[in-house]
Amino acid sequence: MATGQLFSRTTQALFYNYKQLPVQRMLDFDFLCGRETPSVAGIINPGSEGFQKLFFGQEEIAIPVHAAIEAACAAHPTADVFINFASFRSAAASSMAALKQPTIKVVAIIAEGVPELDTKQLIAYACANNKVLIGPATVGGIQAGAFKIGDTAGTIDNIIHCKLYRPGSVGFVSKSGGMSNEMYNTVARVTDGIYEGIAIGGDVFPGSTLSDHILRFNNIPQIKMMVVLGELGGRDEYSLVEALKQGKVNKPVVAWVSGTCARLFKSEVQFGHAGAKSGGEMESAQAKNQALIDAGAIVPTSFEALESAIKETFEKLVEEGKVSPIKEVTPPQIPEDLNSAIKSGKVRAPTHIISTISDDRGDEPCYAGVPMSSIIEQGYGVGDVISLLWFKRSLPRYCTKFIEICIMLCADHGPCVSGAHNTIVTARAGKDLVSSLVSGLLTIGPRFGGAIDDAARYFKDACDRNLTPYEFVEGMKKKGIRVPGIGHRIKSRDNRDKRVELLQKFARSNFPTVKYMEYAVQVESYTLSKANNLVLNVDGAIGSLFLDLLAGSGMFTKQEIDEIVQIGYLNGLFVLARSIGLIGHTFDQKRLKQPLYRHPWEDVLYTK
Amino acid sequence: MARKKIREYDSKRLVKEHFKRLSGKELAIRSVQVRSNLNTILSFSLMCIETDLNELVEKEPWLSSEKLVVKPDMLFGKRGKSGLVALKLDFAEVATFVKERLGKEVEMSGCKGPITTFIVEPFIPHNEEFYLNIVSDRLGCSISFSECGGIDIEENWDKVKTISVPTGASLTPEICAPLVATLPLEIKGELEDFIQVIFTLFEDLDFTFLEMNPFALVDGKPYPLDMRGELDDTAAFKNFKKWGDIEFPMPFGRVMSATESFIHGLDEKTSASLKFTVLNPKGRIWTMVAGGGASVIYADTVGDLGYASELGNYAEYSGAPKEDEVLQYARVVIDCATANPDGKTRALVIGGGIANFTDVAATFSGIIRALKEKEAKLKAARMHIFVRRGGPNYQKGLAKMRSLGDEIGVPIEVYGPEATMTGICKEAIQYITAAA
């Protein structure tokens with residue numbers, strides 16, 4: 001254990017397991033104290049490297065992020081404090097690694113619940129190598145006006161309130177991190193303030209003890225008096241008693257051990273800290289308070305009287321001329337974060353994104369206001385989810401069933417169509433799933449699978465204007481447009497597309513009206529009279545039936561229907577459906593371990 | 001969250017299982033557990049044996065063929081001296097012994113509680129009784145050993161030898177030598193090996209305390225007759241396989257009332273911490289305090305100012321409980337605090353230190369909702385409420401408390417970080433004494 005000052009205004013730390021808030025709070029404290037350099041030199045985040053942007057006052061700075069402790073220590077040889085925000089599961093291993101770095105002098109462990117045996121190994125190593133361990137189960141510590149560990153001392157408001165931005169004359173050490181905040185206030189109220197405060201943590205065996213820090217404070221000339229807040233359980237306070245008895249401490253020590261209420265409990269009691277457990281008589285708060293009194297510490301009769309004990313002790317030092325008056329400074333204003341300013345209603349900022357279909361902020365995600373649990377519990381299907389997320393309403397079951405049928409029918413159409421072909425070629429080139437999928441999807445457009453919307457648009461326009469099939473088809477021909485939804489490379493009058501028949505059959509028995517479909521069938525009759533293969537294809541069937549769904553369900557206004565057709569919702573159905581098949585083709589090729597595809601020369605016409 | 005005592009049955013189970021794994025040698029330990037259906041609740045009349053005794057005998061046939069020992073397995077010692085151990089019974093007699101004592105309240109070193117769990121073992125005739133104790137301390141472990149173990153260990157304390165094994169060191173024959181130096185040669189090797197394996201097992205399983213008093217030699221092999229153990233439950237994440245189905249019973253005598261076990265249930269379900277213990281149901285000062293450290297200090301202060309006898313409860317909420325959890329919690333505290341109004345004044349101390357980052361206004365909303373609901377009860381109990389809290393957004397939280405007082409017509413004194421933390425304890429005492 002080191003014997004004097006651990007920190008200064010130039011101390012820099014490495015921060016393990018990045019947490020934005022504590023690091024930012026350290027930097028805000030630095031700015032408040034007028035430090036020239038940020039107190040966090042580097043961040044260690046296992047598995048990632050680069051920089052992390054944070055504020056140092058008004059300016060943004062980039063703090064290097066390292067993947068390993070060794071690399072961070074090598075990059076920042078002057079950083080001698082290691083602040084460990086790892087979980088209780090991994091805190092011991094990372095702390096040991098840090099203690100073993102020659103550049104690291106102090107390790108603070110925040111996690112609560114580090115196994116006792118692990119901590120003991122850290123203590124043994126720290127003792128043998130003259131390093132300082134603070135924690136586990138602690139908020140850390142602070143040297144006023146110089147350096148602060150993590151979340152110590154709470155908000156900036158509190159730090160300003162307790163004048164922790166400039167040094168006072170009191171050294172404080174406690175077990176409890178929560179109570180240390182209260183004590184910084186108490187000390188600030190009745191003295192010239194804190195010089196250094198350490199919370200050693202609530203574990204059975206803290207890395208450094210109350211007496212370790214009191215002995216250290218005794219060697220720091222700026223500290224004129226010490227305040228100790230202990231608690232029941234363990235024998236830590238007795239090492240302080242010993243130090244006092246042996247005359248190793250020559251500054252006044254005001255002490256209080258909490259937990260006198262333990263005797264009121266009918267059985268053994270374990271309070272919040274692992275170490276705060278009623279044990280034998282020796283470990284009781286009463287016995288420890290008495291031992292401290294006997295050893296010469298100033299011990300009040302209750303916590304309520306602690307403040308006046310501190311006050312009297314300080315005033316006596318002032319009378320004796322042992323404390324020189326402090327020159328007060330006004331700390332700079334820390335710019336407020338946008339988020340907290342918005343929260344407090346001081347400023348407003350425009351949002352950059354608007355979303356109306358889903359919300360993930362509550363207890364469970366909602367699709368169009370319907371919580372996930374109702375979706376699952378009420379047995380909704382994919383069609384219902386599509387109707388919520390695409391149409392923002394719950395459609396009747398026959399509609400969602402129709403959507404599901406469309407998806408099932410369009411999920412795949414063999415390996416030879418352009419989408420599947422592209423996906424197969426890409427998968428065979430060794431590309432990943434997403435690349436293979438999108439290379440297939442990218443072929444969807446006016447010539448492949450993209451005709452549903454157009455079919456719906458033209459059928460709707462023609463049907464709404466009461467054009468006869470003759471007028472419609474010939475009108476299109478005049479404009480040089482092929483009628484979308486009509487025509488098939490293979491299918492014909494005598495070899496109908498089975499998919500079209502299935503859709504029509506479902507609609508006839510489930511839809512209230514099939515006006516648009518009937519219109520499409522009339523158009524088909526006319527086109528078939530021109531050529532045998534001008535049948536109503538699957539795009540045309542889905543396009544026209546979707547018009548019937550939208551109009552017949554009574555759940556959409558005319559404007560909404562126009563908008564749905566205009567935006568191109570219906571091709572969305574094809575894209576979604578075919579993704580199923582394209583993903584299947586990707587897996588198929590990977591499973592078959594197919595090599596790179598190369599198109600054969602023989603199959604290419606080379607010509608000038 | 002710390003060192004937890006385990007039952008003798010579990011201590012022996014762990015030693016038996018892992019002694020074999022670590023040394024390749026078998027310990028002859030045999031023991032079974034007989035337990036009641038109720039463990040923590042205060043309704044002894046409903047208590048009966050949960051263990052199926054017939055099934056037990058089928059699984060462990062020695063129960064019906066050998067003479068047995070039965071004793072309560074309740075984390076307290078001195079059972080022999082208190083006449084709670086029965087020797088040389090057959091299984092039917094064991095069953096009678098258990099039935100007669102199950103659910104019966106006993107008092108051990110000032111703690112009263114019902115007996116709910118027994119351990120049954122074969123009766124082992126033996127001559128010598130040895131003592132072995134391992135305790136984890138800050139810089140290592142201390143191991144104590146004596147050839148004069150048994151119920152008179154304290155009288156023979158001068159014969160106990162103790163060594164310290166520094167953290168990280170292994171228990172070499174040199175370090176172990178002072179413990180076994182005076183043993184007869186024919187048993188020295190066996191006992192030295194035994195101590196070494198037990199020490200390895202102690203560290204391997206994250207024991208923090210282990211005591212065998214006594215263990216005997218049966219056919220020249222060590223056999224623990226009585227055991228106590230404590231595990232470090234923070235190490236559960238790495239040990240759950242090794243520990244198996246381990247139970248961490250509440251300390252003996254810690255029986256929960258219905259309200260206490262309701263809060264205990266809330267506490268187990270949330271990541272926050274919600275603690276509630278009734279100290280005196282007729283007390284006139286009740287507390288509901290944010291923060292582990294602060295809650296202890298509030299209870300201390302009522303006692304240190306001389307009014308321990310009026311302190312109704314200990315209560316802590318911390319770790320950012322949700323509003324609804326605070327509401328349910330506060331309801332229980334208020335119900336207990338306002339129970340059986342007797343015309344005398346009472347005080348409710350809603351305290352807390354200066355929070356680091358907890359939003360004070362937010363945590364107060366749950367309490368305020370509960371206070372509104374319980375307006376009539378608060379008035380009937382002549383309750384005055386004293387509030388003190390600091391931290392983020394405290395001004396808003398305190399203002400809400402002040403206006404609540406006007407709204408429900410219950411006097412509420414409200415203080416922020418400018419006042420001492422426990423000043424309201426003093427005020428509460430003044431109120432209940434002045435008006436009495």
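# Close-up views of a predicted two-chain model

**View 1. The largest cavity and the residues around it.** The largest cavity has a volume of about 100 Å³, in a model that is predicted. The structure holds five cavities of 30 Å³ or more. The lining of the largest cavity draws on chain A with A:G113, A:V114, A:E116, A:T119, A:D203, A:V204, A:F205 and A:A274, and on chain B with B:A2, B:R3, B:D232 and B:T234. Sorted by class, these lining residues comprise five that are nonpolar, three that are polar and four that are charged. For the complex as a whole, the predictor reports an ipTM of 0.92 together with a pTM of 0.84.

**View 2. Cysteines of chain A without a disulfide.** A disulfide is a covalent bond between the sulfur atoms of two cysteines. When cysteine sulfur atoms within 2.5 Å are taken as the cut-off, the count over all chains comes to zero disulfides. A:C33 is in no disulfide, and the nearest cysteine sulfur, which belongs to A:C162, is 13 Å away. A:C416 cannot be paired in this model because its sulfur lies 18 Å from the closest cysteine sulfur, that of A:C410, which is too far for a bond. Are A:C33 and A:C416 buried or exposed? A:C33 counts as buried because its relative accessibility is 7%, whereas A:C416 is exposed, with a relative accessible area of 73%.

**View 3. Two cis peptide bonds, one in each chain.** Most residues other than glycine have a negative phi, and most peptide bonds are trans. In chain A, a cis peptide bond joins A:G135 and A:P136, with an omega of about 5 degrees, and A:P136 lies in the loop between β7 (132-134) and β8 (141-143). In chain B, a cis peptide bond links B:N213 to B:P214, where omega is about 0 degrees, and the place of B:P214 is in strand β11, which covers residues 207-218.

**View 4. Positive phi values in two loops of chain B.** Although B:S109 is not a glycine, its phi is positive, at about 40 degrees. B:S109 sits in the loop between β5 (105-108) and β6 (111-114) of chain B, and it is exposed, with a relative accessible area of 78%. B:A320, also a residue other than glycine, has a positive phi near 55 degrees. The loop that holds B:A320 runs between β16 (313-318) and α10 (323-337) of chain B, and B:A320 counts as exposed because its relative accessible area is 55%.

**View 5. A:V382 in its helix.** A:V382 belongs to helix α13 of chain A, which spans residues 382-391. Its relative accessibility is 52%, and therefore A:V382 counts as exposed, the cut-off for this label being over 50%. How far apart in space are A:V382 and A:E404, C-alpha to C-alpha? The two residues are 22 residues apart in sequence and 6.8 Å apart in space.

**View 6. Domains of the two chains.** In chain A, the domain assignment gives domain 1 (13-320) and domain 2 (411-592), and the centres of these two domains, taken over C-alpha atoms, are separated by 70 Å. For chain B the assignment gives domain 1 (29-122), domain 2 (129-243) and domain 3 (258-435), and the C-alpha centres of domain 2 and domain 3 of chain B lie 47 Å apart. Chain B has an average pLDDT of 92, with 97% of its residues scoring at least 70.

Key. Residues numbered from 1 in each chain as written. Chains lettered and ligands numbered in written order. Predicted model: local features only at pLDDT ≥ 70, side-chain atom pairs only at ≥ 80, totals over all residues. Heavy atoms only, no water. Helix = DSSP H or I, 4+ residues; strand = E, 2+ residues; numbered from the N terminus. Buried < 20%, exposed > 50% of the residue type's maximum accessible area, 1.4 Å probe, protein only. Domains from an automatic or database assignment. pLDDT = per-residue confidence, 0-100. 1 Å grid on protein atoms, 1.4 Å probe; cavity = no way out; pocket = protein on both sides within 12 Å on 5 of 7 lines; lining within 4 Å. Points joined across faces, edges and corners; volume = space filled by probe spheres on them. Nonpolar A, V, L, I, M, F, W, Y, C, P; charged D, E, K, R; others polar.
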